[in-house]
Amino acid sequence: MTTVTDIAPAAPAKHRAEVATALPPARGQSFLKLVTIELRKSVNTRSGRVLIAAILLLAAVAITWQLTHLPDGPAGFDGFLGAASTSVMLILPVIGVMAMTSEWTQRTALTTFTLSPRRVRVQLAKFVSAIVLSVVVMTAVVVLAFAGTALAGAVTDHTTAYAGLGGQLAGAYLTVALNVVMGAAFGALIAQTAVAILVYFIAPTAWSLAGPALFKDNANWLDVFGAFGRIAERDLQGMLPETLVAVGVWIVVPTIVGLWASSRREVK
């Protein structure tokens, strides 16, 4: 007969705290990983894919129109690039807006900020992913512009010209990136997709129309579209202070305030 004393004593169980300390520490997501995730969000949705396809389609249409309406003289790359990049300037910032507002309009903020509690870090990753996407899309448009220029030289009697190529590309990429960051800044500030898009298009446009009538030349201090034009043309026309102030008011300030608001916005 087996007695209690014959039973070997069980090994003492570890305390829960000891078990917890024995586990390897959880590793946070790297910033590069966050950028990759946000970039995937921008291109994996139906709306994102439709907008990118619309940009490329409109760029192809613009290049075709440019081919059939060549002016006298050489067929310049700058003409094809300017025509093709119009769709980028108009539509691509909308993707930047949607990247910042998607967590709030689609009610995924709780999941996102539970997995990545540092909100400002997530928002900065959204900004970086929007810039990366703008570079990729702009590169595709630049390739189309090169193809259009080469085709003009091959099928018409026009010669091709690539004067100032480096400056043209630098101005185009910088202007597109600034447009996208401006859209993302309004998205971070307002957090409602439709409202943010409306404000992005209407507010600076209204100022560019009404400002000169009300403030004459002083309106240039807040004319962000004029600043973008000077940056794209690589000619500040002696208006460096006005350009910096316009960029600061319409891009830097909304970005800072938007990041602050996003870090304190109630998650539902």
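**Entry 1: Gln123**

I looked up the contacts of Gln123 in this predicted model. Leaving aside neighbours within four places in sequence, I find Gln123 touching Met100, Phe113, Ala188, Leu259 and Ser262. I place Gln123 in helix α6. Is Gln123 buried or exposed? Its relative accessible area is 1%. The cut-off for buried is under 20%, so I log Gln123 as buried.

**Entry 2: helix α2**

Next I checked the length of α2, residues 31-44. I took 1.5 Å a residue for its 14 residues and expected a span of 20 Å. The end C-alpha atoms are 20 Å apart, so the two values agree.

Which residues of α2 are buried? I list Leu34, Val35, Glu38 and Ser42. Looking down the axis of α2, I see these buried residues within an arc of 100°, so they line one face of the helix. I then asked what they pack against. The partners are α3 (46-68), α4 (77-105) and α6 (119-155).

**Entry 3: salt bridges**

How many salt bridges does the structure hold? I count two. Glu38 pairs with Lys41, at 3.3 Å from N to O. Both sit in helix α2, three residues apart, which means about one helical turn between them. I note 5% relative accessibility for Glu38, so it counts as buried. Lys41 has 31% and counts as partly exposed.

Glu38 also forms a salt bridge with Lys126, and here the closest N and O atoms are 2.8 Å apart. Glu38 is in helix α2 and Lys126 is in helix α6, so this pair ties together parts 88 residues apart in sequence. I find both Glu38 and Lys126 buried. I record Glu38, Lys41 and Lys126 as one network of salt bridges. As a general reminder, side chains of opposite charge can pair when their charged atoms come close.

**Entry 4: nonpolar cores**

I turned to the cores. The largest nonpolar core has 29 residues. Which residues have the most contacts inside it? They are Ile55, Phe80, Leu81, Val88, Leu92 and Met138. The elements giving two or more residues to this core are α3, α4, α6 and α7 (165-190). Helix α4 gives the most, with nine residues.

I picked Leu92 for a closer look. Not counting residues up to four places away in sequence, Leu92 touches Ile55, Ser87, Ser134, Val137, Val176 and Val180. Apart from the largest core I found another, of 19 residues. Among them are Val181, Ala184, Tyr200 and Ala246. In soluble globular proteins, nonpolar side chains tend to be buried together.

Definitions and conventions
Residues are numbered from 1 along each chain as its sequence is written. This is a predicted model: local features need pLDDT of at least 70, side-chain atom pairs count only at pLDDT 80 or more; totals for chains, interfaces and linings use all residues. Side-chain values use heavy atoms; hydrogens and water are left out. Helices (H or I, at least four residues) and strands (E, at least two) are DSSP runs, numbered from the N terminus. The expected span of a helix is 1.5 Å times one less than its number of residues. Buried means under 20% relative accessible area, exposed over 50%, partly exposed in between (1.4 Å probe, protein chains only). The arc is that of the directions from the helix axis to the C-beta atoms. Contact means heavy atoms within 4.5 Å. A nonpolar core is a set of buried Ala, Val, Leu, Ile, Met, Phe, Trp, Tyr and Cys residues joined through side-chain atoms within 4.5 Å. A salt bridge is a side-chain nitrogen of Lys or Arg within 4 Å of a carboxyl oxygen of Asp or Glu.
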